[in-house]
Amino acid sequence: MIVSAFYIRHKLQDYYSSSETGNLSKLIWCEILGQSAIDYYLGKDITISAKAEYELNNILSRLCKLEPIQYIQGEAHFLRRLFKVTPYVLIPRPETEELVELILDRIDPNSQILDIGTGSGCIAITLAKELPSARVAAWDISENALAVARINNERWETNVCFKQQDVFDYHPDGIEQYDVIVSNPPYITEMEKNEMERNVLDWEPVQALFVPDADPLCFYRCIASLGLKVLKLKGLIFFEVNRAYGAEIVAMLCGLGYKNASLKKDISGNDRFVIAEK
């Protein structure tokens, strides 16, 4: 079969914006077909085998159903590393990269860290790689998600301690103590579903996305209350948050007795991160 970048763009153009079509077609051309970016921009034709044709058309068919390319490839980039992803875990977002960078700028390299709602493990594993002297633990309620995280733990040769745990059903033993808690919990309200893209709604794990309209701060309140019991004095808590509720989360933390609670914006100018000290 003879293939060109135009053929790929043509197959996708009815399903994506022009910029998304361009990004996806270039990715397929360069990363999947192994061709050069120069040939992509020149519109060069190439000949591919029957097997490659089958694989290409399978990828295009899945993309036309709005399946995220990261799930099709089975991996996603996060702070210069590739992490395995499946539909059991959220695809890592650039905002979460910013969260990790904030943490790295603020914490002691020898910290004991707990990541709650770890998903693919991208936060915990990145912290473990960047801070070799730190001790990192990570929880998730989903054993399927933890299976993915453990694969990433092996891939990057880190020693994160993963545990299946429902944060709403955790009873501290008085022994576990942490310098840092980080969490990017579910924070999209049910009423926001109508504003979301189908490639998220139809494919990413609902359990990791949504919170009830009646109690959008439920995870933050639970984790903050837990932090009062398991964080060391002056320990830090880091949250990624829904931009609509940042101020409320800061107020909630102050009400619980946390100090120096602050709200920070992401690179797009949205209220996205909350930091507080026990």
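**Exercise 1.** At roughly what angle do the axes of helix H6 and helix H7 cross? Then find the residues that make the contact.

*Solution.* Remember that this is a predicted model. Step one: locate helix H6 at residues 94–106 and helix H7 at residues 122–130. Step two: compare their axes. They come within 11 Å and cross at roughly 35°. The crossing is right-handed. Step three: list the contact. H6 gives Thr96, Leu99, Val100, Ile103 and Leu104. H7 gives Ile123, Thr126, Leu127 and Glu130. Step four: sort by class. Six residues are nonpolar, two are polar and one is charged.

**Exercise 2.** Which strands pair with E13, and in what sense? Is E13 largely enclosed or open?

*Solution.* Step one: take E11. E11 pairs with E13 in the antiparallel sense, over five bridges. Here Glu240 stands opposite Phe273 of E13. Step two: take E12, residues 259–265. Five bridges join E12 to E13, and these strands also run antiparallel. Leu263 stands opposite Val274 of E13. Step three: look at the turn. E12 and E13 form a hairpin with five residues between them. Gly269 in that turn has a positive phi of about 90°. Step four: check burial. Six of the seven residues of E13 are buried, so the strand is largely enclosed by the rest of the structure.

**Exercise 3.** How many residues has the largest nonpolar core, and which helix supplies its largest share?

*Solution.* Step one: the core has 36 residues. Ile237, Phe239, Ile249 and Leu253 have the most contacts inside it. Step two: H10 supplies the largest share, eight residues. Step three: follow Ile237. Beyond its neighbours within four places in sequence, Ile237 touches residues including Ile181, Leu253 and Val274.

Methods. Residues are numbered from 1 along each chain as its sequence is written. This is a predicted model: local features need pLDDT of at least 70, side-chain atom pairs count only at pLDDT 80 or more; totals for chains, interfaces and linings use all residues. Side-chain values use heavy atoms; hydrogens and water are left out. A nonpolar core is a set of buried Ala, Val, Leu, Ile, Met, Phe, Trp, Tyr and Cys residues joined through side-chain atoms within 4.5 Å. Buried means under 20% relative accessible area, exposed over 50%, partly exposed in between (1.4 Å probe, protein chains only). Helices (H or I, at least four residues) and strands (E, at least two) are DSSP runs, numbered from the N terminus. Contact means heavy atoms within 4.5 Å. Axes are lines fitted to C-alpha atoms, for helices over the stretch in contact, and angles run from 0 to 180 degrees between N-to-C directions. A crossing is left-handed if the near helix is turned anticlockwise from the far one by less than a right angle, and right-handed if clockwise. Ala, Val, Leu, Ile, Met, Phe, Trp, Tyr, Cys and Pro count as nonpolar, Asp, Glu, Lys and Arg as charged, and the others, Gly among them, as polar. Two strands pair if DSSP finds at least two bridges between them.
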